[in-house]
Amino acid sequence: MREASDFPEIKAIVVDIDGTLTDMSRLISLDAVAAMRQMPIPVILCTGNVICFVLAASKLLGASNTMIGENGGVVLHGFDAKAIVLADIEECRRAKDFLMKEFPDLESLDETYRKSELAFRRGIDLDKAKYLIAEHYPSLEMLDTQFALHLKHKSVNKATGMRKVAEILGLKTENFAAMGDSENDLPMLKEAGIAIAVGNATPDVKAEADYVCRKSYGEGAAEGFQWLTRIL
């Protein structure tokens with residue numbers, strides 16, 4: 001593990017929500033919220049959820065008014081600002097119509113509010129769906145976050161969302177810490193100046209982390225915030 005003196009200057013932290021600030025039932029940890037509110041740098045929420053959800057969560061939890069939704073596909077800077085959309089949802093919609101022929105029970109989630117990607121309830125044969133998307137829509141991919149399936153552009157991820165935020169704030173991505181637990185968090189963890197994995201994180205996420213929390217879910221996030229504060 002690197003020493004504190006080896007890290008770049010950290011000016012903000014980008015944090016996943018589901019499975020990081022919350023448990024698997026999506027119950028948020030009050031310990032995580034308390035630790036987040038003590039952070040001396042902005043806390044930017046970054047999630048696969050729709051941006052209106054992230055907006056509400058950021059206000060209620062006391063996070064930054066800059067946020068990232070839809071796995072990096074949508075960025076909002078200012079609670080009353082217009083969302084910045086980084087990918088075209090229309091190809092995802094065409095791919096969804098194609099998938100519906102193979103999976104007639106495929107159930108969309110929050111489609112009315114999505115701007116750059118689509119999300120579905122888990123339960124279909126994911127390997128088959130990934131194969132079909134790769135064969136017929138090679139610019140798209142499907143991700144399983146353990147909370148939902150996401151059909152998205154390969155060119156967009158949480159790292160590209162973080163890059164846009166860095167551009168807006170006049171920072172470099174190395175000035176960000178990032179904290180997460182699952183596959184869709186890997187791009188931002190790889191690009192951030194410091195990577196933190198909560199204790200329930202997947203092995204590949206833990207392998208990328210500069211600090212792996214002993215505790216899991218929100219209690220782990222609180223631990224991660226506290227560790228980061230000590231080295232800032």
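Relative accessible area sorts residues into three groups: buried means under 20%, exposed means over 50%, and partly exposed covers what lies in between, computed with a 1.4 Å probe and protein chains only. By that scale Val-212 is partly exposed, because its relative accessible area is 31%. The model you are looking at is a predicted one, in which local features need pLDDT of at least 70 and side-chain atom pairs count only at pLDDT 80 or more, while totals for chains, interfaces and linings use all residues. Residues are numbered from 1 along each chain as its sequence is written, and side-chain values use heavy atoms, with hydrogens and water left out.

Let us stay with Val-212 for a moment. This residue belongs to strand 12; helices (H or I, at least four residues) and strands (E, at least two) are DSSP runs, numbered from the N terminus. Setting aside neighbours within four places in sequence, Val-212 is in contact with Ala-197 and Lys-206, where contact means heavy atoms within 4.5 Å. The C-alpha atoms of Val-212 and Ala-201 are separated by 8.6 Å, and these two residues are 11 residues apart along the chain.

Strand 12 also leads us to the aromatic residues. The structure holds 3 aromatic pairs. Rings of Phe, Tyr and Trp (its six-membered ring) pair if their centres lie within 6.5 Å; planes under 30 degrees apart count as stacked, over 60 as edge-to-face and the rest as tilted. Phe-7 and Trp-227 make an edge-to-face pair, with 6.1 Å from centre to centre and 85° between the planes. This pair links distant parts of the chain, since Phe-7 sits in the segment before strand 1 (12-15) and Trp-227 in helix 8 (residues 217-231), 220 residues apart. Are these two residues buried or exposed? Phe-7 has 10% relative accessibility and therefore counts as buried, and Trp-227, at 9%, counts as buried too.

Trp-227 has a further partner in Tyr-211. Their ring centres are 4.6 Å apart and their planes at 10°, so this pair is stacked. Because Tyr-211 lies in strand 12 (residues 211-212) and Trp-227 in helix 8, the pair ties together parts that are 16 residues apart in sequence. Tyr-211 is buried, with a relative accessible area of 9%. Taken together, Phe-7, Tyr-211 and Trp-227 form one aromatic cluster.

Helix 8 is worth following further, so to speak, into its packing. Two packed helices are described by the angle between their axes and the distance between the axes. Axes are lines fitted to C-alpha atoms, for helices over the stretch in contact, and angles run from 0 to 180 degrees between N-to-C directions. Helix 1 (residues 30-37) packs with helix 8 at an angle of about 20°, and their axes are 7 Å apart. How are the two helices oriented to each other? They are roughly parallel, as angles under 35 degrees count as roughly parallel, over 145 as roughly antiparallel, 65 to 115 as roughly perpendicular and the rest as oblique. Their crossing is left-handed; a crossing has that hand if the near helix is turned anticlockwise from the far one by less than a right angle, and is right-handed if clockwise. On the helix 1 side Asp-31, Ala-32, Ala-35 and Met-36 meet Gly-218, Glu-219, Ala-221, Ala-222, Phe-225 and Gln-226 of helix 8. By class, this contact has 6 nonpolar, 2 polar and 2 charged residues, with Ala, Val, Leu, Ile, Met, Phe, Trp, Tyr, Cys and Pro counted as nonpolar, Asp, Glu, Lys and Arg as charged, and the others, Gly among them, as polar.

Another helix pair is formed by helix 3 (residues 90-102) and helix 4 (residues 126-136), which pack at about 135° with axes 11 Å apart. These helices are therefore oblique to each other, and their crossing is right-handed. Ala-95, Phe-98, Leu-99 and Glu-102 of helix 3 make the contact with Lys-128, Ala-129, Leu-132, Ile-133 and His-136 of helix 4. Those residues divide into 6 nonpolar, 1 polar and 2 charged.

Finally, here are some individual residues to look up. Glu-70, in the loop between strand 3 (66-69) and strand 4 (74-77), has a positive phi of about 50° although it is not a glycine. At 1% relative accessibility, Glu-70 counts as buried. Tyr-217 of helix 8 likewise has a positive phi, near 50°, and counts as partly exposed at 24%.
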